[in-house]
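Let's take a look at how charged side chains and cysteines pair up in a protein chain. Have the sequence and the 3D view ready, and follow along.

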Amino acid sequence: DSCILSKSADACGIGSSGARIGNGLDFQIPLENATIRALYDESGAGDGGTIYLYAVDNLRIDDDTLVPPPCEEDAKSRWVIIDCPASTNSIVHPDTESTFRYLIAVEEAKDSNPHVIDVTLKDASCAEGDGAKVGFIV
């Protein structure tokens with residue numbers, strides 16, 4: 001009839017069927033503003049030991065088939081900035097690589113985020129055969 005928050009590795013839980021399930025409970029928590037606020041309030045509301053849960057809006061999911069490939073006209077694509085040598089075995093045509101190198105450089109000059117750059121393919125196109133490709137490096 002009551003519940004306490006435990007950080008103990010050997011905390012136990014009871015699932016909806018009444019059976020013990022590993023070290024936790026078998027349930028889902030909807031990640032909504034009200035739920036996040038309730039978890040914050042119940043775990044200390046900012047005092048020592050508070051558990052913070054963050055929500056991220058508009059986060060692109062790589063395996064989401066609803067997200068268009070970068071070469072689709074007017075599609076926004078997110079590029080992760082990594083330190084690596086020039087691509088020698090790219091899966092896209094060199095013209096497509098050049099297009100995205102240019103778009104990334106333009107956005108990099110305007111954006112202060114050191115980790116990711118968002119670009120939109122406008123007034124440009126990818127080489128034939130690259131339209132559906134995703135996950136490529138430039």
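## Pairs that hold hands

In this predicted model, D118 and R78 form a salt bridge, and their closest N and O atoms sit 2.7 Å apart. The two partners are far from each other along the chain: D118 belongs to strand β2 and R78 to strand β1, with their positions 40 residues apart. Is D118 buried or exposed, or something in between? D118 has 24% relative accessibility, so it counts as partly exposed. R78 gets the label partly exposed too, because its relative accessibility is 35%.

Why does this kind of pairing happen at all? Side chains with opposite charges can pair up when their charged atoms come close.

How many salt bridges does a search of the whole structure find? The search turns up six. Here are some of them, including the one you just met:

| Pair | N to O distance |
|---|---|
| D118 and R78 | 2.7 Å |
| E97 and R101 | 3.2 Å |
| D74 and K122 | 3.9 Å |

Take D74 and K122, whose side chains meet in a salt bridge. This pair also links distant parts of the chain: D74 is in the loop between α1 (33–42) and β1 (76–80), while K122 is in the segment after β2 (116–120), and the two are 48 residues apart. D74 is partly exposed, since its relative accessibility is 46%.

Now for E97 and R101, which also meet through their side chains in a salt bridge. Both lie in helix α2 (residues 94–110), four residues apart, and that is about one turn of the helix. E97 counts as buried because its relative accessibility is 10%, which is under the 20% cut-off. R101, on the other hand, is partly exposed at 38%.

## A neighbour in the helix

Helix α2 is also home to T99. With 16% relative accessibility, T99 counts as buried. Which residues does T99 touch, leaving out those up to four places away in sequence? The answer is L121, A124 and S125.

## The sulfur link

A disulfide is a covalent bond between the sulfur atoms of two cysteines. The structure holds one disulfide, and it joins C71 to C126, with an S to S distance of 2.0 Å. C71 sits in the loop between α1 and β1 and C126 in the segment after β2, so the bond ties together parts that are 55 residues apart in sequence. The torsion about the S-S bond of C71 and C126 is about -90 degrees, so this disulfide is left-handed. Both C71 and C126 are buried.

Key: Residues are numbered from 1 along each chain as its sequence is written. This is a predicted model: local features need pLDDT of at least 70, side-chain atom pairs count only at pLDDT 80 or more; totals for chains, interfaces and linings use all residues. Side-chain values use heavy atoms; hydrogens and water are left out. A salt bridge is a side-chain nitrogen of Lys or Arg within 4 Å of a carboxyl oxygen of Asp or Glu. Buried means under 20% relative accessible area, exposed over 50%, partly exposed in between (1.4 Å probe, protein chains only). Contact means heavy atoms within 4.5 Å. A disulfide is a pair of cysteine sulfur atoms within 2.5 Å.
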